Every structure is written in C-alpha cells, then in structure tokens.
Amino acid sequence: MRRLRSGLPRAQAITRPWSLEPPGGPHRPPGPAATKKIVVWGDDPLAHRLIEELIHQYGVHVTAILPSVQRRHGPDIARLLREHGGRVIESDHADRDAFELADLTGADALALVKQDDIGNLDAALQAQEVNPGLRLVIRMFNLRLGYSVRRLFADARVLSDAQMAAPAFVSEALGEVAPVHVRVARRTLFVARRSEVRAEDVICGLAVTAGDGEPVLLPADQAAADLVLAVATGEPVSTVMGREDGPEHAPVRRRRRRWRWLRHPLRTYRGLVGRRLWTTAMIMLGLLAVGTAVIAYYKQISWWDAAYVTLLSELVGAGPDLQAQWPEKLVTVLLSLVSIALIPVITAAVVEAVVNAKLAIALGRLREPLSDHVVLVGLGNVGTRVMHAFVDLGVPVVVIDRNENARGAQSARDRGVPFIVGDASRIATLRAASVDTSRALVVVSTDDQANLEAALEGRELKPDLRVVLRLFDGAFADRVQRAFGITASRSVSYLAAPAFAAALLEREVIGTIPVDRRVLLLAEVPVVAASDLDGGLVAAAQDVGEVRVLAVTTDGGRQTIWSPPTSYVLCESDLLIVVATRLGLGNLLAQTGGTVDPTP
C-alpha cells in the first residue's frame with residue numbers, strides 16, 4: 001500500500017536540508033573520489049556503518065534510500081549525510097520510483113543491505129532494469145540462495161554480515177583465535193597463533209596481541225606478531241578445543257554427550273524436578289536414613305538388616321513392640337508418619353520428572369544438566385551462524401530466544417541443540433540454560449539494552465562468567481566493558497562494513513579477520529594500466545602503510561607468486577592478494593586504479 005504525503009508518491013526526495021551542502025562545503029576528501037556515486041538502501045546498523053565507511057574512509061558521494069528518517073538509524077544517517085553533502089530519499093520500498101529519485105542511472109554502485117533476503121533480491125532485479133551495468137552489493141543471510149542468483153546479474157557481489165562476524169564471537173567465547181579459513185589461489189589460509197604452526201607455514205604476521213593495550217595490526221617487525229596467517233598443509237594442529245581436530249571428532253563428542261545422563265543419573269533427575277519438590281523429597285529421605293541408623297543401633301543389627309526392617313516393616317506399618325525402648329518407639333512412630341507423606345512425594349516427583357522430560361524432548365529444552373557449555377542468546381542471523389560454528393567445533397551449546405519461531409529455531413532443532421524460549425534478561429531463563437555451570441555466555445540479539453541486561457544477570461549467577469556482548473556503539477561498548485568487567489564486546493556492523501564498502505568500490509574482498517575490536521581485510525586488487533603501481537615495485541604497494549602483499553597472480557591467473565620480494569616489478573593485469581586494514585586498503589586502491597582518494 002502506497003504511503004501518500006500531500007498527494008506525493010511514497011518515494012520522494014528529501015531536499016531540505018540533506019541535499020544542501022553544510023557551511024564551508026562538504027566534509028569529504030578532495031579529488032576523484034568525490035565523483036564516485038553510491039546508493040545505499042537500508043536503515044539498520046550495517047547501513048549506518050557502511051555509509052560512515054564510504055564517506056570517511058573513501059570520500060564517495062552517498063545517496064541513502066530510507067523507509068523513514070524518523071525511525072531506527074534514519075535520523076543518524078540523515079544527519080551524517082547532511083554534514084557531508086549527501087542525499088536522502090524516503091521510500092517504503094527500494095523500487096523503480098525510489099531509484100529514479102536517487103538517480104540510479106548515474107550511480108556507480110548500489111548497496112542493498114536491508115535485513116531481508118527476498119526484498120533485497122527483488123530490489124536488485126528492479127535496479128538492473130533501471131541501470132543494467134550497475135555494480136550491485138547484496139546482503140543476504142542465505143548464501144546458497146545468494147550464490148545461485150548471482151548469475152542473474154552482470155556485476156554483483158553477495159555478502160553475509162553474519163558470516164563475517166560469527167568467528168569473532170566464537171573466538172572470544174572460547175578465548176582462542178577466531179576460526180577463519182579462506183581459499184586463495186588454490187591454497188587454504190587460516191589464522192593461528194605463531195606457536196601453533198610451523199615457521200615455514202607462516203605467510204604473514206597479522207598482529208601483536210600480547211599486552212593490555214590495543215593490538216598492533218600488521219607490525220613492521222613481522223617476527224614480533226604472535227597472530228599469524230598460515231597455509232594449511234593437511235596436518236592436524238592444535239585448535240580451540242585443545243585437541244587434534246577434524247571432521248570425525250565433532251560427531252564423536254556429540255555422541256558422548258548424548259549418553260552423559262548414564263554417568264550422572266542423580267544430577268539428570270535433579271534437573272527434571274522442581275526445587276521445592278526436590279527439597280521435600282530430600283528431607284523425607286534424610287529422616288528415613290536417620291531412622292534406619294537408630295534401629296540398627298538399638299537392635300544391634302547391621303545396616304543392611306536395619307534398612308530391610310525399615311523398608312519392609314516400619315515403612316509399611318508394623319505392629320507396636322511394647323518391649324522396645326522409648327527411642328525405638330519414637331522412631332517407629334515417626335517412620336509411620338514419614339511413610340504416609342513419602343509415597344505421595346515420590347509419586348509426584350516421578351510424575352513431574354516424566355512430564356518435564358517429555359516437554360524437554362518436545363520443545364528442545366535441556367534434557368540433562370550441562371556443564372562447560374556455551375549459552376547463546378539470540379537466534380537471528382548472527383546467532384544462527386554462531387550456533388552452527390559451535391556445533392561444527394563440537395562445543396556444547398544451549399540457545400535462548402524470545403521467539404519460538406526465530407530464524408534459527410528450526411536449525412537448532414535439526415541439529416539437536418537445546419532451545420529455550422524465554423527472556424534472557426530473567427534469572428530463571430538463564431538458570432534453565434545452566435548458565436551457572438557454563439563456560440561462556442554469548443549475547444547477540446539485535447537489542448542492545450536486552451543484551452546488556454542478559455549479560456549482567458548472567459554475571460549475577462556466575463561472577464567469573466566469560467561474557468561476549470553484541471553492542472552497536474563502540475564507545476558505549478568500551479565503557480560497558482570497563483565498568484562491568486565484560487569479557488568482550490563486538491559490533492557486527494563494524495566488522496562487516498569494511499568488506500561491503502570495498503566490494504562497492506569493485507574490489508574483491510575474499511575474507512575478513514577480526515582482531516579484538518578491529519578487522520583486517522583479505523582482498524584481491526588488480527593493477528590497472530597507467531596506475532601508480534603499473535611498472536612499480538611490490539615495495540611501493542606496501543609503502544602506503546597497513547598493507548601486506550601476500551601473493552601476486554600473473555599471466556592471466558595461471559601463475560601465483562607467494563611472498564613476492566619487495567623488488568618484484570608489477571605490471572598491468574597483475575592481481576595483488578593483500579591483507580590490509582581499512583585505511584591501508586583505501587590507500588592501495590588509489591595507487592592501483594587511480595579512482596579512489598581515501599581520507600588522509
């Protein structure tokens with residue numbers, strides 16, 4: 001249904017004040033980058049961060065299409081574009097009307113980053129009709145669908161912010177290196193600690209993470225880097241599980257967990273019975289044990305005989321013995337009273353345990369108490385990816401979400417992951433997930449306030465709990481981390497935005513490497529004819545700072561030179577495979593193609 005304002009169509013350009021340059025001109029870098037025009041559709045954290053990235057790192061001109069300038073991140077995006085001479089189009093949908101107002105025919109690229117796979121696909125098809133040669137960067141959670149539809153477009157990249165961010169949350173929860181693997185030029189590269197790999201397998205030093213300060217990315221002294229990028233040789237290495245890991249290990253670990261209740265039957269039964277009923281039953285059994293001890297003492301019989309007499313005589317209701325001493329008579333009376341209450345209590349406990357067990361099986365809840373597991377809050381795009389990562393690594397995981405039909409709910413059930421429907425900011429919900437015996441709490445819902453509440457409640461249950469928190473605002477996250485002792489806080493949009501921005505500028509980002517709160521990009525950058533690097537040296541590519549050339553692909557891709565010497569001469573059509581920071585990649589793009597002039 002079309003939204004009308006004063007008789008205007010629902011897609012309309014907001015020309016006041018966002019199309020006007022601020023006093024003193026637009027705050028963007030001078031040079032050719034200012035003529036680069038990119039249109040962004042979306043109003044969520046990723047769209048906000050992506051626009052910031054495009055403006056501050058690359059200085060491009062951005063037009064944003066927003067459902068509303070009053071909701072979600074619309075006000076912040078509008079303010080940002082007002083300060084930097086951008087434009088805002090307000091429209092309920094990204095369609096032909098909105099694209100015409102955004103002048104899509106004159107744009108260089110379009111980013112469709114709304115959290116809606118089908119909506120983004122429909123918008124991409126309409127955008128291609130408006131501008132057939134347009135560069136498209138499409139955000140999709142279902143990458144299988146995304147890769148299938150790429151052939152429908154002349155120039156498109158399909159990216160998943162959830163897939164990029166998941167390794168960071170997994171690594172922080174386990175206190176280990178992010179499980180990042182990428183396939184590059186017929187080699188598989190992975191991130192590891194230098195102590196875990198052989199020296200000859202190290203391709204590049206990534207960061208110095210030792211110490212209390214911020215990590216140093218791509219240090220000049222490569223030998224000082226304790227976090228490295230290495231080539232996989234097929235030999236088993238130490239992994240986050242502290243064992244030789246392979247595809248065959250995870251199923252074995254899961255099979256063992258399935259029969260854990262046989263080793264701890266009492267603890268399993270305790271988890272199926274309510275606290276009050278459990279306490280009552282324990283008191284009754286305690287009185288029964290004390291009575292047995294008294295009978296054994298006064299009758300001068302063994303413990304086994306006393307238990308036999310208690311269960312078959314006193315508990316059932318034996319006749320009085322006038323010759324017995326008064327302690328024995330008192331115990332006999334008490335046992336008779338206990339027997340009256342004990343049978344109903346036992347019956348109720350058995351019934352409750354059976355009912356709870358059936359509910360657990362039906363709803364996917366905990367069927368047994370767990371320990372040393374990870375509790376994951378939020379089963380949206382990111383939470384689903386994180387859950388799959390834990391299961392693939394063989395790490396026990398319990399998930400919590402308010403919505404029983406959350407995006408990853410069916411995936412959790414299919415993979416046998418316990419799924420608790422409830423509010424994670426409540427102690428009872430976290431206790432049901434056995435947070436007090438877990439190894440980590442990972443909170444990745446899209447609500448910052450709910451995430452913080454869940455993290456603090458988790459710390460109430462277990463003060464030394466390892467907590468990994470998802471927050472959008474970086475400065476706020478830093479303050480929360482210091483004030484409340486949160487183990488780590490991460491922003492999905494901050495981790496993913498650099499890859500989306502580089503893809504919009506027609507540079508192939510083949511992987512992202514999270515390092516603490518920062519991110520490194522693995523990218524393929526072609527050397528364009530007549531650019532600064534055409535006829536230059538590899539050393540010149542690295543002189544821009546925060547860039548390391550891993551390999552050079554030449555001869556139309558038929559030859560790849562790994563770890564090329566700095567004196568290697570580059571030429572037109574060479575393809576650089578690099579690892580770089582956001583700023584470093586922006587500087588390198590200016591040299592290789594001459595079309596991007598990043599912010600100093």
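A residue is called buried when its relative accessible area is under 20%, exposed when the area is over 50%, and partly exposed in between, using a 1.4 Å probe and protein chains only. By that rule C571, with a relative accessible area of 38%, is partly exposed, whereas C204 is buried at 3%. A disulfide is a pair of cysteine sulfur atoms within 2.5 Å, and the count of disulfides comes to 0.

The model is predicted: local features need pLDDT of at least 70, side-chain atom pairs count only at pLDDT 80 or more, and totals for chains, interfaces and linings use all residues. Residues are numbered from 1 along each chain as its sequence is written, and side-chain values use heavy atoms, with hydrogens and water left out.

**Overall content**

The protein chain has 19 helices and 23 strands. These are DSSP runs numbered from the N terminus: helices are H or I with at least four residues, and strands are E with at least two. Of the 600 residues of the chain, 50% count as buried. Contact means heavy atoms within 4.5 Å. Among contacts in the chain with a separation of 6 or more, 66% are between residues 24 or more positions apart.

**Cores**

A nonpolar core is a set of buried Ala, Val, Leu, Ile, Met, Phe, Trp, Tyr and Cys residues joined through side-chain atoms within 4.5 Å. The largest one holds 52 residues, of which V40, L50, I51, L54, F500, L576 and L585 touch the most other members. Helix α17 (residues 492-504) supplies the largest share of this core, 8 residues. A second, separate core has 33 residues, including L379, M387, V395 and V492.

Beyond its neighbours within four places in sequence, L50 is in contact with V40, A111, V113, A497, F500, A501 and L504.

**Helix α1**

L50 is also one of the buried residues of helix α1. In that helix 11 of the 14 residues are buried, so α1 is largely enclosed by the rest of the structure. The expected span of a helix is 1.5 Å times one less than its number of residues. For α1 (residues 45-58) this gives 20 Å, and the end C-alpha atoms are 19 Å apart, which agrees. Just after α1, G59 has a positive phi of about 65°.

**Two sheets**

Strands of a sheet pair through backbone hydrogen bonds, either parallel or antiparallel. Here two strands count as paired if DSSP finds at least two bridges between them. Two open sheets are listed below.

| Strand order | Strands | Pairing |
|---|---|---|
| β8-β9-β12-β10-β11 | 5 strands | antiparallel |
| β19-β20-β23-β21-β22 | 5 strands | antiparallel |

In the sheet that begins with β8, the edges are β8 (181-184) and β11 (216-217); each has a single partner strand, so one side of each is left without a neighbour in the sheet. Strand β8 is joined to β9 (residues 187-193) by 4 bridges, and V184 has R187 in β9 as its bridge partner.

In the other sheet, β19 (508-515) and β22 (559-562) are the edge strands, each pairing on one side only. The twist averages 20° from one strand to the next. Axes are lines fitted to C-alpha atoms, for helices over the stretch in contact, and angles run from 0 to 180 degrees between N-to-C directions. Helix α17 packs on this sheet, touching β19 and β20, and its direction makes about 15° with that of β20. Strands β20 (residues 518-526) and β23 (residues 575-580) pair over 6 bridges; L522 has V579 in β23 as its bridge partner.
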